[in-house]
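Let's take a walk through this model, helix by helix, and finish at a loop.

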Amino acid sequence: MGTQKLKQKDIPKLREKLIAAQKNICPLCKTELLKADAVLDHDHTTGHIRFALHRSCNRAEGLIKRAARFSRSKDAQFFVKQVAHLWDESFTHNPLHPSFKTNDDKRLKLLKKRLKEVTQAHSRKKIEQEILHIKQRQL
C-alpha cells in the first residue's frame, strides 16, 4: 500500500502533534510557534508533510524556492545554499554600489528637504552646517 493521504479533518491533530514534537519552536526562524499561527509545511514535489511552521515562515520558504527557479541553476536547493554562503561572506573590501544609500546619504536628503521648508535664518544656518559637515566626512 502507498503512502496514506492525510484527511482534512486530521490536520489540527497532526499540527498539534508536530508543534509538541518541535517543542513549540518553528524550525525555520527558531522562535515560539503558537497553534494559532502554525500551518503544516509540505514538500511540493513529493507531497509529504515536513513540519509545523509559522504561516509567514512557510510562505517565505515557498517564495525562496520559487525565486530560486529564476536562477540559471537547475537545482533550487543548491542555489539557496550558495546564496546563504554568499550572505555569510564579508565584502567590505569592495566599493559600495552606486544605488546604495548610506546613513549619511539619507540624512543629507532629509536635511536638504528641511532646508527648503525652513525660513528662520538661525535654523537654516544649523542645517547648512550639518550638511557641510556630512559632505566633508564623505570626502
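Which residues of helix α1 (residues 11–21) are buried? They are R15, L18 and I19, where buried means under 20% relative accessible area and exposed over 50%, with a 1.4 Å probe and protein chains only. These three sit on the same side of α1 because they cover an arc of only 100° around the axis, taken from the directions from the helix axis to the C-beta atoms. Flip to the face turned away from that buried side and you find K13, K17, A20 and A21 exposed. The cover over the buried residues includes β1 and β2, counting contact as heavy atoms within 4.5 Å.

A quick word on the source: this is a predicted model, with local features needing pLDDT of at least 70 and side-chain atom pairs counting only at pLDDT 80 or more, while totals for chains, interfaces and linings use all residues. Residues are numbered from 1 along each chain as its sequence is written, and side-chain values use heavy atoms, leaving out hydrogens and water.

Now for α4 (residues 103–117), where L108, L111 and L115 are buried. Seen down the axis, the buried residues fall within an arc of 70°, so they line one face of the helix. They pack against α5 (121–138), while on the other side N103, K106, K109, K113, K116 and E117 are exposed.

Last stop: D43, in the loop between β1 (38–42) and β2 (49–54). The D43 side chain reaches the backbone nitrogen of T45 at 2.6 Å. D43 is buried but has no salt bridge, which would take a side-chain nitrogen of Lys or Arg within 4 Å of a carboxyl oxygen of Asp or Glu; R50, the nearest side chain of opposite charge, is 4.1 Å away.

Methods. Helix = DSSP H or I, 4+ residues; strand = E, 2+ residues; numbered from the N terminus. Lys, Arg positive; Asp, Glu negative; His and termini not counted. Polar contact = N/O pair within 3.5 Å; in protein donor to acceptor, adjacent residues only side chain to side chain.
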